[in-house]
Amino acid sequence: MTARKKAEEGGRIIKTTDPVWRAGLQQRVQFALDMQRVRQQIAGRLPENLKGEKKKRVTPVELSAEDMAYMRGRFKEVLGMEKSAFKDVEHYMKGASIWEEWIRRVKGVGPVSAGYLLAMFRIENCNTISQMWSFSGLGMVKVKTCMNPSKHKGKNLRVYTNRDICPVIVGKRKTATDDDPICGEGLSWHGEMTIQFRTAGQKNTYNARLRTKLLGVLGPCLIKSQSPFTEFYYNMKNREEQKNEARAEKEKLTKAHMHQRAMRYMVKMFLAALYNEWRALEGLPVRPPYKEEYLDGREHEPMKFLSRRDLSAK
């Protein structure tokens with residue numbers, strides 16, 4: 001049942017752009033993740049899950065039957081709280097169009113993962129797909145050179161940023177409320193680009209936790225569940241393997257490296273599809289990808305996205 005039909009029957013339609021609703025979702029998602037972490041920690045201390053030296057370190061003395069029953073009982077209580085928290089997140093998202101009509105149908109995306117995405121992204125501020133990629137650490141940045149590297153004291157000569165001024169931190173803030181003093185000099189760019197990553201001496205330009213969730217949790221789940229988005233993964237992996245065969249022996253990539261590249265591309269395509277569907281359902285303008293809007297479409301094949309109709313067919 002779609003969110004619109006629910007509203008017609010007396011239900012509610014949720015605007016995911018509402019900051020109050022988003023704050024409530026953030027609290028519920030964080031509580032569910034906290035319960036999951038506590039459950040995993042307790043499970044790691046159960047005697048049946050300990051082996052070898054780890055068992056001697058955690059429980060140097062053999063536990064009595066009463067103590068083991070106590071640990072297992074508390075574990076079941078926390079497990080119950082975790083399951084309840086997961087259900088709370090799913091219940092809270094009922095009525096949100098993007099959850100009811102699209103994310104819920106995507107194999108490999110559970111309620112907590114979906115809630116985390118809806119809570120972290122402010123779709124009303126993401127006018128392009130590239131902004132979602134950049135915020136989540138999946139975008140590209142320019143490799144630039146500072147015009148006055150003497151301020152850096154011999155460090156951070158290569159600057160990774162899309163800004164026009166050098167963002168390298170060159171001192172300490174005077175008070176806790178002040179911003180870190182940056183270089184502020186001009187930058188020169190010679191056409192080199194790279195993926196986003198943390199750089200010493202520069203403020204992080206993306207949400208590191210969101211990137212970890214996308215590449216460490218969502219990506220593997222999409223692959224294991226054989227989601228329709230795995231088509232992007234296998235196509236990219238095949239291309240990487242073909243490129244790797246043509247490389248010199250010292251330049252060849254490992255299988256793990258090619259896997260990470262393909263999974264990163266798949267997650268980017270998932271976010272692109274999420275952008276298209278989410279913006280459309282919220283009544284916001286949807287811009288096409290850069291290579292469709294600014295480059296010649298005859299030479300660059302349009303991006304392929306999985307819409308609600310495609311997911312329904314599969």
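**Aromatic pairs, salt bridges and a nonpolar patch in a predicted model**

Proline 288 has a relative accessible area of 40%, so this residue is partly exposed. The model is predicted. Proline 288 lies in the loop between α10 and α11 (290-293). Its C-alpha is 8.6 Å from that of asparagine 276, and the two residues are 12 apart in sequence.

The chain contains 12 helices and 3 strands. Of its 314 residues, 37% are buried. The accessible surface is about 18800 Å². Carbon and sulfur atoms account for 52% of that surface. Among contacts between residues at least 6 apart in sequence, 67% join residues at least 24 apart.

Helix α6 is mostly covered, with 7 of its 10 residues buried. These are Val112, Ala114, Gly115, Tyr116, Leu117, Leu118 and Ala119. The buried residues of α6 pack against five helices by name: α2, α4, α5, α8 and α10. Tyrosine 116, one of the buried residues of α6, also takes part in a contact between a charge and a ring. Lysine 213 lies over the face of tyrosine 116, 5.9 Å from the ring centre.

Aromatic pairs number 8 in the structure. One of them joins tryptophan 102 and phenylalanine 270. The ring centres are 5.7 Å apart and the planes meet at 35 degrees, so the pair is tilted. Tryptophan 102 belongs to the loop between α5 (97-101) and α6 (111-120), whereas phenylalanine 270 belongs to helix α10 (residues 255-281). The pair therefore ties together parts that are 168 residues apart in sequence. Both tryptophan 102 and phenylalanine 270 are buried. Ring pairs extend this contact into a cluster of Trp102, Phe229, Phe232, Tyr265 and Phe270. Tyrosine 265, a member of that cluster, also has a charge over its ring. The charged end of arginine 239 sits there, 5.8 Å from the ring centre of tyrosine 265.

The count of salt bridges comes to 7. Side chains of opposite charge can pair when their charged atoms come close. Glutamate 124 and arginine 22 form one such bridge, with an N to O distance of 3.1 Å. This pair links distant parts of the chain, 102 residues apart. Glutamate 124 is in the loop between α6 and α7 (129-135), and arginine 22 is in helix α2 (residues 19-43). The two partners are covered to unequal degrees. Glutamate 124 has 26% relative accessibility, so it counts as partly exposed. Arginine 22 has 5%, so it counts as buried.

Helix α2 also holds arginine 39, which is paired with glutamate 82 of helix α4 (residues 65-92). Their closest N and O atoms are 2.7 Å apart in a salt bridge. Here again distant parts of the chain are linked, 43 residues apart. Arginine 39 is partly exposed because its relative accessible area is 21%, just past the 20% cut-off for buried residues. Glutamate 82 is buried, with a relative accessible area of 6%.

A salt bridge within helix α4 joins arginine 74 and glutamate 77, at 2.9 Å from N to O. The two residues are 3 apart, about one turn of the helix. An α-helix has 3.6 residues a turn, so residues three or four places apart point the same way. Both partners are partly exposed. Arginine 74 has a relative accessible area of 38% and counts as partly exposed. Glutamate 77 has 45% and also counts as partly exposed.

The surface carries a nonpolar patch of about 430 Å². Met140, Trp189, Met193, Ile195 and Phe197 make up this patch. Strand β3 (residues 187-195) gives the most to the patch, with 3 residues. Phenylalanine 197 is found in the loop between β3 and α8 (208-224). With a relative accessible area of 35%, phenylalanine 197 is partly exposed.

Definitions and conventions:
Residues are numbered from 1 along each chain as its sequence is written. This is a predicted model: local features need pLDDT of at least 70, side-chain atom pairs count only at pLDDT 80 or more; totals for chains, interfaces and linings use all residues. Side-chain values use heavy atoms; hydrogens and water are left out. Rings of Phe, Tyr and Trp (its six-membered ring) pair if their centres lie within 6.5 Å; planes under 30 degrees apart count as stacked, over 60 as edge-to-face and the rest as tilted. Helices (H or I, at least four residues) and strands (E, at least two) are DSSP runs, numbered from the N terminus. Buried means under 20% relative accessible area, exposed over 50%, partly exposed in between (1.4 Å probe, protein chains only). A charge sits over a ring if NZ of Lys or CZ of Arg is within 6 Å of the ring centre and within 35 degrees of the ring normal. A salt bridge is a side-chain nitrogen of Lys or Arg within 4 Å of a carboxyl oxygen of Asp or Glu. Patches are made of residues with over 30% relative accessible area and no salt bridge: like charges are joined within 9 Å, nonpolar side chains (Val, Leu, Ile, Met, Phe, Trp, Tyr) within 5 Å. Accessible areas come from the Shrake-Rupley method with a 1.4 Å probe; for residues, only the protein chains shown count as cover. Contact means heavy atoms within 4.5 Å.
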